[in-house]
Amino acid sequence: MAFYAILPLLVFALTGLWRSLAFLAVSVFLAANWELAFRGAGPVLATFEQFSLMTFLFYFAAGITGYFVWQKLGRTSPRVGSAVFAASVLGIFGLIRFNDQVSEFIGTTFWPVAALVNVVWALALAGAVVGVCLHPPRWFVNPAAKLLGNASLSLYLWHSVVILVLDQWGIYRGLYASLTGTFLPFFACFLATLVVLVPLSLVSYRYIERPGMKLASRFTRHCPAPGR
């Protein structure tokens, strides 16, 4: 919500690739120093740091940068899009599979660790979106994926609630306690979250979002055009 409060300013300020790259660099700098500022803080302040805008601003910045990269590469060969998507997906699976090793490597060369690991995640996710936009793979862009895309706002709004509830119920701790390794427990938690999140979001999209959009379109049709 804090990000969307400043979004109108960013629309006017970030008008090209270089400005978006500068914004991404500033966001990474702020996130790293924000983590350092709260190092050793109590539980209340640590929670504030973990969920604050500064901690996640670079995710939005990476998405904005990805948009301008997509504009620059919009007329490029489909092979470029396929390569970007494949490399990003491999990067995402690599981050999941070798999360501990990546954190250890970054911890020995940079400081702080958590912010920079999340930056790598942000770049990999933004790259995957750019690759899909440049050349949508048929196996990935399908009717089921399009339905989830339509319900993406509900997925976004509900996911934090679902994760919080499942965490309070001890689902994630139970899966990590019963499964070994890094990838398998993470994947099991991911599937458990989707089992609850997807049906809930589809119901929300069908009975709240769509009627709301119809009501909004009906309202805008009856509004006079500017200047009349």
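Helix 11 (residues 183-222) gives the most to the nonpolar surface patch, with four residues; helices here are DSSP runs of H or I with at least four residues, numbered from the N terminus. The model is predicted, so that local features need pLDDT of at least 70 and side-chain atom pairs count only at pLDDT 80 or more, whereas totals for chains, interfaces and linings use all residues. Residues are numbered from 1 along each chain as its sequence is written, and side-chain values use heavy atoms, without hydrogens and water.

The patch covers about 460 Å² and is made by Y176, F186, F187, F190 and L191. Patch residues have over 30% relative accessible area and no salt bridge, and nonpolar side chains are joined within 5 Å; areas follow the Shrake-Rupley method with a 1.4 Å probe. A salt bridge places a side-chain nitrogen of Lys or Arg within 4 Å of a carboxyl oxygen of Asp or Glu. F186, in helix 11, is partly exposed at 36% relative accessible area (buried is under 20%, exposed over 50%, partly exposed in between).

In the interior, the largest nonpolar core (buried nonpolar residues joined through side-chain atoms within 4.5 Å) has 19 residues, and F23, L24, V28, F58 and I64 have the most contacts inside it. Helices 1, 2, 4 and 7 each supply at least two of its residues, and helix 4 provides the largest share, six.

S154 belongs to helix 9 (residues 152-168) and is buried, with a relative accessible area of 2%. Beyond four places in sequence, S154 contacts (heavy atoms within 4.5 Å) S201, S204, Y205 and E209.

Note on methods: Buried < 20%, exposed > 50% of the residue type's maximum accessible area, 1.4 Å probe, protein only. Patch = residues over 30% accessible without salt bridge, like charges linked within 9 Å, V, L, I, M, F, W, Y side chains within 5 Å.
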